[in-house]
Amino acid sequence: MIRFENTSKIYGKDTAAIDRVSFEVKKGEFVSLVGKSGAGKTTLLRLLLREEDPTSGKVLFDDQDIAEIPSGFIPDFRRRIGTVFQDYKLLPMKTAYENVAYVMEVMGARGGDIDRDVSEVLKLVELMERAEHFPNQLSGGEKQRVAIARALIHRPDVIVADEPTGNLDPYHTQDIIKLLATINGLGTTVILATHDKDVINRLGKRVITLDDGKVIRDEERGKFIL
Ligand SMILES: Nc1ncnc2c1ncn2[C@@H]1O[C@H](COP(=O)(O)OP(=O)(O)O)[C@@H](O)[C@H]1O
Ligand SMILES: [Mg+2]
């Protein structure tokens, strides 16, 4: 489904944020991308989202080189990938419900459809009873659940989560990881970038380790070893 083919991203003269990386992610996989800060995790995800173009090599999505997607189709392409970030990126003046509904509104969806779909994803993340709360009335874990609900609203093929537990305590961290595993169990591919060893070592899923922009390890049921 996703394939990096000898992909490099060089910043400036010689900073190889990603250095000749090749791997494949199959539909339905849960892959953790681990490595120290600066290892290249975020850059790799930005290449996948086509927020950056590779300096050399390719990124393929369903066998299509994403660099060749015409600009008019980029929004469609991006909707196939739900994104979740460390800082939640919620709109502070909107409730949990409205934060999720908003992404359908801007697409011109009808009220009835919005109601049905938003309720469905808020149920999935177990946040129905917090639907009318504003972000500042929610815990970090709850805010991240809203962000995950929003990421799911277009029924993406893939969820990409970049350090989603970076601001959470260990309890809420496990909670969010469990939720991502549940979503993966329902068929969505998950790519999780983290530098949190405990998260990975409990998960028992595939782990790709990056160091200095290079893949130094790629193991089924991997551990975080650096
Ligand atoms: N826009 C940019 N311009 C220049 N250098 C960058 C840029 N983005 C990332 N880098 C560099 O690329 C390397 C990898 O960064 P990043 O992908 O953010 O790593 P990680 O997410 O693993 O912490 C770092 O050395 C970082 O300084
Ligand atoms: Mg990062």
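Two strands count as paired here if DSSP finds at least two bridges between them. With that in hand, look at β3 and β8 in this predicted model: the two strands run parallel to each other and share 5 bridges. One of the links can be picked out by residue, since Phe30 has Val190 of β8 as its bridge partner.

Now let us widen the view to the whole sheet. It is an open sheet of 6 strands, ordered β6-β7-β8-β3-β9-β10, and its pairing is mixed. At the edges sit β6 (81-85) and β10 (214-219), each of which pairs on one side only. Ignoring direction, neighbouring strands of this sheet are turned against each other by 15° on average.

On its other side, β8 (residues 189-194) meets β7 (residues 158-162), again in the parallel sense and over 5 bridges. Here Asp162 is bridged to Ala193 of β8, and Val160 stands opposite Ile191. How many residues of β8 are buried? The count is 6 of the 6, so the strand is largely enclosed by the rest of the structure. If you follow the side chains, Thr189, Ile191 and Ala193 point one way, while Val190, Leu192 and Thr194 point the other way.

Helices pack against these strands. Helix α6 (residues 170-185) touches β3, β7 and β8, and its direction makes about 155° with that of β8. Helix α1 lies across β3 (30-34), β7, β8 and β9 (206-211), and runs at about 150° to β7. Most of α1 is covered, with 6 of its 8 residues buried; these are Lys41, Thr43, Leu44, Leu45, Leu47 and Leu48. Just after the helix comes Arg50, which has a positive phi near 60°.

Helix α1 also brings us to the ligand. Which residues surround ligand 1? They are Tyr11, Thr15, Ala17, Gly35, Ser37, Gly38, Ala39, Gly40, Lys41, Thr42 and Thr43. Two elements give two or more residues to this shell, namely β2 (15-25) and α1 (41-48). The largest share, 3 residues, comes from α1. By character, the shell divides into 7 polar, 3 nonpolar and 1 charged residue.

Next, consider the nonpolar interior. In soluble globular proteins, nonpolar side chains tend to be buried together. The largest nonpolar core of this model has 55 residues, and Leu33, Val100, Ala149, Ile159, Val160, Leu180 and Ile191 have the most contacts inside it. Helix α5 (residues 140-152) supplies the largest share of this core, 6 residues. Take Leu180 as a place to zoom in: beyond its neighbours within four places in sequence, Leu180 is in contact with Ile159, Ala161, Val190 and Leu192.

Finally, have a look at Leu122, which lies in helix α4 (residues 111-124). Is Leu122 buried or exposed? A residue is buried if 20 or more other C-beta atoms lie within 10 Å of its own. Leu122 has 24 C-beta neighbours inside 10 Å, and therefore counts as buried. Leaving out residues up to four places away in sequence, Leu122 touches Tyr97, Val100, Leu127, Met128, Ala131 and Ala149. Val100 and Ala149 are also among the residues with the most contacts inside the largest nonpolar core. For a sense of scale, the C-alpha atoms of Leu122 and His195 are separated by 28 Å, and the two residues are 73 residues apart along the chain.

Key
Residues numbered from 1 in each chain as written. Chains lettered and ligands numbered in written order. Predicted model: local features only at pLDDT ≥ 70, side-chain atom pairs only at ≥ 80, totals over all residues. Near = placed C-beta within 6 Å. Helix = DSSP H or I, 4+ residues; strand = E, 2+ residues; numbered from the N terminus. Nonpolar A, V, L, I, M, F, W, Y, C, P; charged D, E, K, R; others polar. Core = buried A, V, L, I, M, F, W, Y, C linked by C-beta atoms within 7 Å. Buried ≥ 20, exposed ≤ 12 C-beta atoms within 10 Å, placed from the backbone. Contact = placed C-beta atoms within 7 Å. Axes fitted to C-alpha atoms, helices over the stretch in contact; angles between N-to-C directions.
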